[in-house]
Amino acid sequence: MTRIDIVITILLVLCSLLLVESQHKNRRAYIELERAQQAEAKLQVQWNQLQLEQSRLTKTSLIAEAAARDLKMQGVVPARTLYLSEPAGVKP
Amino acid sequence: MRKTRVHSFTPNPLLKVKLPAGRSRFAMFMMSCAFLALIARALWLQVWSNDFLQRQGEVRFMRTVEMPATRGGITDRNGAILAKSLPARAIFANPGDAQLEPAQVSELSKLLGMPERDLAKRLASDSKTFVYLKRQVDAPEAEKIAALKLPGIHQLREYKRHYPDGSTIAHVVGFTNVEDAGQEGMELVHQPGLAGHAGARRVMLDRMGNIIEDVGTLREPQDGSDLQLSIDTRIQYHVFDAVRDAVNQHHAVAGAAVVLDAKTGEVLALANLPTYDPNERGALSGAQLRNRVMTDTFEPGSTFKPFAISAALEAGIVKPSSMVNCSGKLTIGSASIGDAHGHGTLSVEEVLQKSSNVGTAKIALQLPPQRMWEIYNSLGFGQAPEVGFPGAVAGRVRPWKTWKPIEQATMSYGHGVSVSLLQLARAYTVFARDGEIIPLTFLKSEQPAVGQRVMSAETARAVRHMLELAAGPGGTAPKAQIPGFSVAGKTGTAHKLDGGRYVTRYVSSFVGFAPASNPRVIIAVMIDEPSAGEHYGGTVAAPIFARIASDTMRTLRVTPDIPLRAETDSGAKSGSGSGPVPGMPPTSKTARAPARSRGNA
């Protein structure tokens, strides 16, 4: 076996080991990615839940009830509203 | 050196005997053959016939993983959520494996919210290998159940639809079944767009069950697209509240109301009573599910009068100031038509203002039946409205060739025809939009609707003025008035038909719009069988219209179009105002507003 053969063989073995190593790293990274994606999906579900919760809590009926009961507020009627006219020449 | 080394390993003198060369070669040959056979077998298994091993490898390491897709949400025009799907779990058991202790059964039954006996019964069905214990279990409860690690109890991923506005908007939004497929309302109509398509991918697992490699995507998942409705939940709340209060107050069988945007044709609110909670669909009845605005037809009564009168005006047969003798009864053949209250000679304007059956019939009888039918047809009566909603009915307007004179007369004041509340509301767009009728939609639309001209703007404006008079102090519905805004509309009180005969049960209705000077919304109200003493449209339905119109004007921030002095007084009388009442300084807009019929209030 010539010297060059020995060098090439060693290189081949080294490359094979590195290939195995990088494959292993790739798989570990992929597992991490999967976990991150699962966490993202979970957060998305939570986001949807919170949006739903917000919709439930901001229902007009709940707000109207709370405003009248707790804050003693009354509905706006034109009879108790002061309407201001815009100065001439000013566009909204 | 070599010799010494050999000898050092073979102290036995027998081995020093040299083998014959032939035997040595033979042994070498046999061993080579054996190796070759092994190599050939390895090549055969791994190169040429590798299916079996590949398959076995895949069985151990490859999996097809479903990529779930979520059903699209439904929102109102302002983005408030009306329907949304969240992950849930279906809990199922394999009764053969589920050998649970009594304590475990008790704990599971508590978490599932079902009686212990029912649960034990399901788990005892030995003949089955799969039994649903409960579906649509919310994720937190499902996690608690999973944490118990009960043998033979498993979970499947699914979705549960949530409706935060519940019964208020149930008839428009509809609902889905346990498979997350639309069953009613917009959920059903827009099923193809709302439904997502689950995807799938092939992955490689390690021995711990972790996904280590994505081999390929079989199908891309596709989430359902969101749907934005034209409904405004703020207006919807007011409409629903008003109808519910009226149904309770008048001990009515049912009630319904619809609010349309006169500019865009959008349905801003649609309420039905009785209703149901789409979150709790255990025991639904047909009466609860019925969307009366769209699927129920009724004889509209006087709310139908403006159409015959507008046809006569359009044909040039009468003018608003033409006089009609409305006294007594109008006899056609063996039948006679009368008014609840006697009238003398009235102008055409007053015929509508006072809602005279005799006057309307006399005007209508001057029209050729075909002309009258054509106007009904062009207003969409007798045809199912194309609003993209399941079960929208056509109502009934018979072909003009079969009309007898008495039928033409009764039809003019809304008997002998049947319409849905939505058709009626839509038909009133011609008066609100100077003679154009517009298509309706349940989806948000920023564009002004493109109308179709049915009558001249002059005729439409004349009828609008009459409707304003009808909703004024001298009309049939002064209770339709609201502070700050001019309103126009028509009452309807019709006997119900039972087995082909009119009975003393009524449908009270009111259709109108506000502000009358520049209509922003069209509101139609119907109360079925009010039975607490009152049954006239002017006393039952008109106040509901007023309440809805007032709340809608405020919600849409419409500027008042009439001075408020008279209303301030009435506000003070009713005691609704507390503290000083500022009234309204005349703005440039209100100063320009024409003096309306309310001026003489």
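**Exercise 1. Work out how chain A and chain B meet, starting from how many residues of each are in contact.**

Solution. Start with the head count: 26 residues of chain A touch 37 residues of chain B, where contact means heavy atoms within 4.5 Å. A word on the ground rules: this is a predicted model, where local features need pLDDT of at least 70, side-chain atom pairs count only at pLDDT 80 or more, and totals for chains, interfaces and linings use all residues. Residues are numbered from 1 along each chain as its sequence is written, chains are lettered from A and ligands numbered from 1 in the order in which they are written, and side-chain values use heavy atoms, with hydrogens and water left out.

Next, the area. About 2800 Å² is buried between the two chains, with carbon and sulfur atoms giving 63% of that; buried area is the accessible area (1.4 Å probe) that two parts lose on being put together, summed over both.

Then look for charge pairs. There are two salt bridges between chain A and chain B (a side-chain nitrogen of Lys or Arg within 4 Å of a carboxyl oxygen of Asp or Glu). One of them pairs A:Arg27 with B:Glu213, closest N and O atoms 3.5 Å apart.

Finally, ask who supplies the chain A side. H1 and H2 are the elements of chain A that give two or more residues to it, and H1(A) has the largest share, with 13 residues. Helices here are DSSP runs (H or I, at least four residues) and strands are too (E, at least two), numbered from the N terminus.

**Exercise 2. Explain what the salt bridge between B:Arg71 and B:Glu187 ties together.**

Solution. First, the distance: these side chains meet at 2.9 Å, N to O. Now place them. B:Arg71 sits in the loop between strands S1 (62-67) and S2 (74-75) of chain B and B:Glu187 in helix H8 (residues 185-189), so the pair ties together parts 116 residues apart in sequence.

Are they buried or exposed? B:Arg71 is buried because its relative accessible area is 5%, and B:Glu187 is buried at 0%. The cut-offs: buried is under 20% relative accessible area, exposed over 50%, partly exposed in between (1.4 Å probe, protein chains only).

**Exercise 3. Find which residues are linked in a network with B:Asp245.**

Solution. Begin with B:Arg547, whose salt bridge to B:Asp245 has its closest N and O atoms 2.9 Å apart. B:Asp245 belongs to helix H10 (residues 233-249) and B:Arg547 to helix H21 (residues 537-555) of chain B, so parts 302 residues apart in sequence are tied together. Add B:Asp241 and B:Arg244, and you have the salt-bridge network.
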